[in-house]
Protein chains: 2
Amino acid sequence: MEEKTDNKKVGIKEIAKLANVSIATVDRVLNNRKDVSDKTRAKVQSIIKEHNYQPNLYARALSVKNNLSFAVLIPKTSSQTGYWDLCLKGIKQGIEEFSTFGISIDIFLYDQEDVRTFIKMSEDVLSRNFNAVVIAPIFISETTHFVEECKKRRIESIFVNSDIKGCSSLGYIGPDLYSTGRLAANLTSYLVPANSKVLILNIARGLQNYAYLNTKIEGYTNYLNKLDRGFEILNIDIPSNNYDEIAIDLLRHVDNINPDLIFVTNSRVSVVGRFFDEYRNIKKPHIIGFDFLTENVEFLASGMIDFLICQRPDKQGYLALNHLYRHFLLKDVKENFKPMPIDILTIENYLFYEN
Amino acid sequence: MEEKTDNKKVGIKEIAKLANVSIATVDRVLNNRKDVSDKTRAKVQSIIKEHNYQPNLYARALSVKNNLSFAVLIPKTSSQTGYWDLCLKGIKQGIEEFSTFGISIDIFLYDQEDVRTFIKMSEDVLSRNFNAVVIAPIFISETTHFVEECKKRRIESIFVNSDIKGCSSLGYIGPDLYSTGRLAANLTSYLVPANSKVLILNIARGLQNYAYLNTKIEGYTNYLNKLDRGFEILNIDIPSNNYDEIAIDLLRHVDNINPDLIFVTNSRVSVVGRFFDEYRNIKKPHIIGFDFLTENVEFLASGMIDFLICQRPDKQGYLALNHLYRHFLLKDVKENFKPMPIDILTIENYLFYEN
DNA sequence: CGACATCTCGTTAACGTTACCGATATTGCT
DNA sequence: AGCAATATCGGTAACGTTAACGAGATGTCG
């Protein structure tokens, strides 16, 4: 009932001795470069396999002096939502960690309400000579065009937060947005009885651009319709970022519809919480929304919001850089990764959701 | 709207040059050893602060050749639950990573149904000369005594999975068990209406030893009672690990009580799922349980289980070793850490809960 | 056959840090 | 004063890997 670890790692020197070659040759085989005869290459490879050689990444990191440079192209945080601050936090953690490897990382922040800023920034990125770029693809067609240009210049690309299928060269790090909508619907089915009125609320300026919202809404409505419990589902846009404007719209709609549950499709759920906090005479519906923002958590803690669905944007940012690092520095490129976990936060577990 | 990273890290050599001393002296200051005059020490320290020197951990890892040894003392996995396999998985990941630093790690597995095996294993640990030990404290008094002995021998200790407050020398890595119970109660309140019958089910042999179950149950009942919705709460023990035995007991109790919801206080929730899968004529209650085990997830996927509350045991195991590593190798000892996140899994998000 | 390119392989200096060893300066004691 | 003990510091090998450089062997073409 006891296990011991054989902690004697074989190094490149050991392999060299066993194969009767120099460490340089072993290195050449390992990084499969040229200047090795087929015979010795096979010999060395067999010994490597036999002894299960694992390279010491720390030594490698110390030795290699590459000057890779990555660009990060994400929305700047607005006064309305601190979401992108969280992503940026993960990015900066990555910068801290990977700058040790001689990687330099530049951050480009665009205005997600103004496509021209995205175009400007993407041109800036192209004008410099980056090896790879991390992109949050808010604007579909512009991003697609940008990635095309990157491919011509042999610049790798990776998406975070939301995906455009088959577009980026290195894939997507983030949640499966459709499932995110389904999960919200699943929780909805627990919160309200059959024949309830459910209001889907999209709050943001420039809504036509947020293509990823539609994926969530699809997942949500498909799930509820399949349940066949007679839910009355309404989908309403409030294309504003100003609370007072939103409140006026909200008042009108809520008076009209009298919903049993409101599903806010993005991180602006706190404004709905604030609304019902101020209009106490109105019957408060159940509320489901997204993202671990301070203002959202406040209303989760007070019981105003029932569930917050979260996706750890900081981890996404970090993982994107981490994947680039692994892609360039190690050969350890597992091409397709699984979508990230989708977390459920309630009043009872939000305290432990570290970020 | 663009940020650049100043990726020129100052090294120990730079500092030495700036302070007009040798790198050996800088090293002495950094690891605050003796053989440095107060004057030069102050001077070097000021330059270190001024240039925000950060040691290169990879170089350190490469250079240092310490022979630390850790012990891991956790239950062996039984045929009834693969829970400890997950923890072990995280432990092994840690071993893989930290063996590079010359740390050797020995694993001791005891039988959580037989306290004598724990005593035997703990004596084995004491007979060797470990620097620290990771413990899953199932048996309260025996673990307390063991930690006392460790302290005498200056062996550090750290707990995983559950805690004995103020006992271990390096704290506890795991969820807040009381909140875990509260969360289950919170979800219960969404699943069933007022005046429902709720059955708390403790399934395991040697139940008197599982002190951590009481903490969960306290959190659960306190929450529900405070809600004041007229819930009828029953607490039942089934001290067995054999499905057929459990099924007989379960049949009797369910016939008797006819519960609207069953809360299984540990990872054995799959046997309840199996039970209601076999006895289709009995009205299936809502079911809440613990842990991301294959057999549990199976019933979550089929809709038999509503919620699974999870605590990432693999991450716990890894983090425990990671904390020991940081404690001994770096000075980076943030003494008290936050409890781990408590995850909620449903049929809609379990697919993305990577392990 | 000579000149030169190509292929194969070994030697070695770095990367940033640690720790041992020895050199020099200072102090303490008789 | 002489001598030992101690305090303070610098030099340097080593950790495992990478890559630049060059040496030797073989091949190619006039």
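Me: What makes the pair formed by the side chain of T40(A) and a phosphate oxygen of DNA strand C a polar contact?

Reply: The distance decides. An N or O atom in the side chain of T40(A) lies 2.9 Å from a phosphate oxygen of DNA strand C. A polar contact is a pair of N or O atoms within 3.5 Å; within protein, one atom must be able to donate a hydrogen and the other to accept it, and residues adjacent in sequence count only if both atoms are side-chain atoms. The T40(A) pair fits, so it is a polar contact.

Me: How should I read the numbers and names here?

Reply: This is a predicted model, where local features need pLDDT of at least 70, side-chain atom pairs count only at pLDDT 80 or more, and totals for chains, interfaces and linings use all residues. Residues are numbered from 1 along each chain as its sequence is written, chains are lettered from A and ligands numbered from 1 in the order in which they are written, and side-chain values use heavy atoms, without hydrogens and water.

Me: Which atoms of S63(A) and I12(B) meet DNA strand C?

Reply: Backbone atoms. A polar backbone atom of S63(A) is 3.2 Å from a base oxygen of DNA strand C. A polar backbone atom of I12(B) is 2.5 Å from a phosphate oxygen of that strand. Two or more residues each come to this surface from α2 and α4 of chain A and from α1 (12–19), α2 and α4 of chain B. The largest share, four residues, is from α2(A). Helices (H or I, at least four residues) and strands (E, at least two) are DSSP runs, numbered from the N terminus.

Me: Which residues come nearest to DNA strand C?

Reply: D35(A), I12(B), D27(B), Y53(B) and S63(B), out of 27 around the strand. A residue is near a strand if one of its heavy atoms lies within 4 Å of it. Of the atoms of DNA strand C within 4 Å of the protein, 62% belong to sugar and phosphate.

Me: Which parts of DNA strand D do I12(A), R60(A) and R28(B) reach?

Reply: I12(A) has a backbone N or O atom 2.5 Å from a phosphate oxygen of DNA strand D. For R60(A), a side-chain N or O atom is 2.8 Å from a phosphate oxygen. R28(B) puts a polar side-chain atom 2.9 Å from a base nitrogen. The surface near DNA strand D gets most from α2(B), with four residues.

Me: What classes of residue form the surface near DNA strand D?

Reply: Eleven are nonpolar, ten polar and six charged. Ala, Val, Leu, Ile, Met, Phe, Trp, Tyr, Cys and Pro count as nonpolar, Asp, Glu, Lys and Arg as charged, and the others, Gly among them, as polar.

Me: How many residues does each chain bring to the contact between chain A and chain B?

Reply: Chain A brings 57 and chain B brings 57. Contact means heavy atoms within 4.5 Å. The buried area is about 5,100 Å², with 56% from carbon and sulfur atoms. Buried area is the accessible area (1.4 Å probe) that two parts lose on being put together, summed over both.

Me: What makes R182(B) and E348(A) a salt bridge?

Reply: Their side chains meet at 2.8 Å, N to O. A salt bridge needs a side-chain nitrogen of Lys or Arg within 4 Å of a carboxyl oxygen of Asp or Glu. The pair R182(B) and E348(A) passes, so the name fits. Chain A and chain B share two salt bridges. Eight residue pairs between these chains are in polar contact, both at pLDDT 80 or more. On chain A, the elements that each supply at least two residues to this side include α5 (83–98), β3 (104–110) and α8 (177–191). α8(A) gives the most, with seven residues. By class, this side of chain A has 26 nonpolar, twelve polar and 19 charged residues.

Me: Why are D249(A) and R252(A) separated by about one helical turn?

Reply: Because they are three residues apart in helix α10 (residues 243–257) of chain A. They also form a salt bridge, with closest N and O atoms 3.4 Å apart.
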